[in-house]
Amino acid sequence: MRLMPIAIEGFHDPITGTVSYVVHDPATRQAVVIDPVLDYDLTAQRASTASADALLAYLSAHSLNLQWILETHVHADHVSAARYLRAQAGGMIAIGEHIREVQATLGRLHGWPSEDDGFDRLLRDGESFPVGSIEATALLVPGHTPADLAYRIEGAVFIGDTLFMPDGGSARADFPGGDAAALYRSIRRLLALPPETRLFVCHDYPAGREARWETTVAEQLAANIHAHDGVSEAEFVAMRRARDATLAAPRLMKPALQANIRGGG
């Protein structure tokens, strides 16, 4: 058993609801950043770096070396700050290998080039990689997009847009390449982990409560409004398709996708 467990710090962006994480190995001071946000003013079409600079300040204050910048998927609701962080603090940008499918689909739809994709490492399902002396593992969880990954680091799993907090349910599955049935199976893969497993979500949209981003497998099985224990695949798919038909496109969708298929800003 490790004497010093991993340290996890979440940063909630109230504008997009995104939660970015700094995770580090206390023994080696090696760190990863997961799903960093580049602030983007759609009206002015101008980016700024306050959210990313907060991550850099945390790294500096704790004397951490940035080893990895991990994306759980190609985000449609915010521009990624991955490239900015790499330029400022080093580290390798990683995403799932199925990003190629997303690039090809969006390239056909919008005519966007993807030759300069900006990623340093494309991870396979089940592939492990080091965070200092800790082993992290990529888990393929498609459905929201074909390329979604969760990252398991010791007893914590960073689940991206697969599930939200229990009162928020699950992510939409109507983006190009999305699949509600695949999302259900990905959720069940995560909820088959030990009940005490800590789950960290990528978004929280609190209504009448403080923002939260940590839950457990047991809590999700008991209380997730879309995917609690006993919900069948057919029930979930019908719910998800009906709900998705009512949702508007994310406000930053076009600039976010255009940047994020190439590693962000």
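Before I start: I call two residues in contact when heavy atoms lie within 4.5 Å of each other. I also keep in mind that this is a predicted model.

**Entry 1, helix H6**

I looked at what covers the buried residues of H6, and helix H4 (180–191) is part of that cover. Which residues of H6 are buried? I found Phe236, Val237, Arg240 and Asp244. These four sit on the same side of H6, because they cover an arc of only 95° around the axis. That made me recall the general rule: with 3.6 residues a turn, residues three or four places apart in an α-helix point the same way. I checked the length too. H6 runs over residues 233–244, twelve residues, and its first and last C-alpha atoms are 16 Å apart, close to the expected 16 Å.

**Entry 2, helix H1**

Next I went to H1, residues 50–61. Its end C-alpha atoms are 16 Å apart, which agrees with what twelve residues should span at 1.5 Å a residue. Buried here are Ala52, Leu55, Leu56, Tyr58 and Leu59. Why do I say they line one face of the helix? Seen down the axis of H1, they fall within an arc of 155°, so one face it is. On the other side, Ala50, Ser60 and Ala61 are exposed. I noted what covers the buried residues: among them are strand E1 (7–12), strand E3 (30–34), strand E6 (65–70) and helix H2 (82–89). After H1 comes serine 63, and I wrote down its phi, which is positive, near 55°.

**Entry 3, helix H7**

H7 covers residues 253–260, and I listed Met253, Ala256, Leu257, Ala259 and Asn260 as buried. They are on the same side of H7, because their arc around the axis is only 170°. What do they pack against? I got strand E7 (79–80) and H3.

**Entry 4, the cavities**

How many cavities of 30 Å³ or more does the structure hold? I count two. The largest has a volume of about 120 Å³. Helix H3 (residues 99–110) gives the most to its lining, with four residues. I spotted Leu257 in that lining, a residue that I already had as buried in H7. Other names there include Val74, Phe175 and Pro176. By class, I have eight nonpolar, three polar and one charged residues for the largest cavity.

The second largest cavity holds about 30 Å³ of space. Its lining includes His73, His75, Phe119 and Asn260, and Asn260 is another of the buried residues of H7. Val74 is in this lining and also in that of the largest cavity. The classes here are three nonpolar, six polar and one charged.

**Entry 5, the largest pocket**

I then turned to the largest pocket, with about 630 Å³ of space. Of the 27 residues that line it, the closest to its centre are Asp77, Phe164, Arg172, Tyr205 and Leu247. I sorted the lining by class: 13 nonpolar, five polar and nine charged residues.

**Entry 6, proline 130**

Last, I picked out proline 130, in strand E10 (residues 128–131). Buried or partly exposed? Partly exposed, because its relative accessible area is 43%, and I use "partly exposed" from 20% to 50%. Leaving aside neighbours within four places in sequence, I find proline 130 in contact with Gln67 and Trp68. I also looked up isoleucine 15, which is 115 residues from proline 130 along the chain; their C-alpha atoms are separated by 32 Å.

Methods. Residues numbered from 1 in each chain as written. Predicted model: local features only at pLDDT ≥ 70, side-chain atom pairs only at ≥ 80, totals over all residues. Heavy atoms only, no water. 1 Å grid on protein atoms, 1.4 Å probe; cavity = no way out; pocket = protein on both sides within 12 Å on 5 of 7 lines; lining within 4 Å. Points joined across faces, edges and corners; volume = space filled by probe spheres on them. Nonpolar A, V, L, I, M, F, W, Y, C, P; charged D, E, K, R; others polar. Expected span 1.5 Å × (residues − 1). Buried < 20%, exposed > 50% of the residue type's maximum accessible area, 1.4 Å probe, protein only. Arc of directions from axis to C-beta.
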